[in-house]
Structure formats: structure tokens, C-alpha cells
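Visitor: I am new here and would love a friendly tour. Could you show me what we will be looking at?

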Amino acid sequence: IKYQQERIAATKLKTFTANSNEVVRLSLEATNGSAAAQYSLALHYLDGRGCETNKDLAVHWLKIASDGGYFGASNKLAELNH
């Protein structure tokens with residue numbers, strides 16, 4: 001059981017690290033104007049994938065993506081009532 005718990009913990013850490021790297025990459029692309037990256041970054045902030053959950057930042061990026069014409073961002077904002 002201990003080995004199983006260690007494997008699960010290692011897998012979770014590996015997943016978090018990969019998602020953290022993805023957040024860094026998406027942040028760069030989002031600040032350079034990619035609406036798709038802005039939307040994806042917002043979802044990471046909503047779900048806490050690779051970062052702390054931050055609804056304010058998620059809404060910020062969703063609004064920018066929506067203003068850039070990204071339809072999925074508009075839908076997600078409506079879902080969140082913003």
C-alpha cells in the first residue's frame with residue numbers, strides 16, 4: 001500500500017509540474033495576444049491546474065479572449081455569469 005501511495009503522489013507531482021509548465025507557456029502566448037492561449041490559461045486558473053485556483057484571473061483572461069472573438073470564452077463567461 002505504501003508503494004502505491006508513493007506512486008500516486010509521484011504521478012500527481014508530475015502532472016502538477018507539467019501543468020505548471022503549461023501555465024508558463026500559456027501566459028507568454030496569452031500576453032502576446034493569442035485568444036486560444038488566453039482561454040486555455042483561464043481554464044487552468046478556474047480548475048487550479050498547475051497553479052492556484054484564481055477565479056478573478058480566470059475571468060480577466062476570459063474577458064480578453066472574448067473581446068478577441070474567442071467564442072468559447074464568451075460561453076464560459078456566460079456560464080460564470082460575467
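Visitor: Is A18 buried, partly exposed or exposed?
Guide: The classes come from relative accessible area: buried is under 20%, exposed is over 50%, and partly exposed is in between, with a 1.4 Å probe and protein chains only. A18 has a relative accessible area of 46%, so A18 is partly exposed.

Visitor: What kind of model is this, and how are residues numbered?
Guide: Residues are numbered from 1 along each chain as its sequence is written, and side-chain values use heavy atoms, leaving out hydrogens and water. Local features need pLDDT of at least 70 and side-chain atom pairs count only at pLDDT 80 or more, while totals for chains, interfaces and linings use all residues, since this is a predicted model.

Visitor: In which helix is A18 found?
Guide: Helices here are DSSP runs (H or I, at least four residues), numbered from the N terminus. A18 is found in helix 1.

Visitor: What distance does helix 1 reach from its first C-alpha to its last?
Guide: Helix 1 has 30 residues. The expected span of a helix is 1.5 Å times one less than its number of residues, and for helix 1 that expectation is 44 Å. The model comes close to that, with a reach of 43 Å.

Visitor: Which residue with a positive phi follows helix 1?
Guide: Just after helix 1 comes a residue whose phi is near 100 degrees. That residue is G33.

Visitor: How many salt bridges does a search of the whole structure find?
Guide: Side chains of opposite charge can pair when their charged atoms come close. Here a salt bridge is a side-chain nitrogen of Lys or Arg within 4 Å of a carboxyl oxygen of Asp or Glu. Searching the whole structure gives a count of four.

Visitor: What is the N to O distance between R25 and E22?
Guide: Both residues lie in helix 1 (residues 2-31), three residues apart, about one turn of the helix. R25 is partly exposed at 35% relative accessibility, and E22 is partly exposed at 26%. Their side chains meet in a salt bridge with an N to O distance of 2.6 Å.

Visitor: Which residue forms a salt bridge with R25 at 2.4 Å?
Guide: The partner sits four residues from R25 in helix 1, so about one helical turn separates the two. At 32% relative accessibility, this partner counts as partly exposed. The residue is E29.

Visitor: Is K76 buried or exposed?
Guide: K76 meets E79 in a salt bridge of 3.0 Å, N to O. The two are three residues apart in helix 4 (residues 71-79), about one helical turn. E79 counts as exposed at 56% relative accessibility. K76 has a relative accessible area of 18%, so K76 is buried.

Visitor: Which residues are joined into one network by salt bridges that share partners?
Guide: Two of the bridges have R25 as a partner, one with E22 and one with E29. The network is therefore made of E22, R25 and E29.

Visitor: Within what arc do the buried residues of helix 4 fall?
Guide: The buried residues of helix 4 are A73, K76 and L77. Seen down the helix axis, they line one face, where the arc is that of the directions from the axis to the C-beta atoms. The arc is 100 degrees.

Visitor: Which exposed residues are on the face of helix 4 turned away from its buried side?
Guide: On the buried side, the cover includes helix 2 (35-47) and helix 3 (55-67). The face turned away carries F71, A78 and E79.

Visitor: At what angle do the axes of helix 1 and helix 2 cross?
Guide: Axes are lines fitted to C-alpha atoms, for helices over the stretch in contact, with angles from 0 to 180 degrees between N-to-C directions. The axes of helix 1 and helix 2 come within 8 Å. They cross at roughly 140 degrees.

Visitor: Is H44 buried or exposed?
Guide: H44 lies in helix 2. Leaving aside neighbours within four places in sequence, H44 is in contact (heavy atoms within 4.5 Å) with N19, E22, V23, L26, R49 and C51. At 5% relative accessibility, H44 counts as buried.
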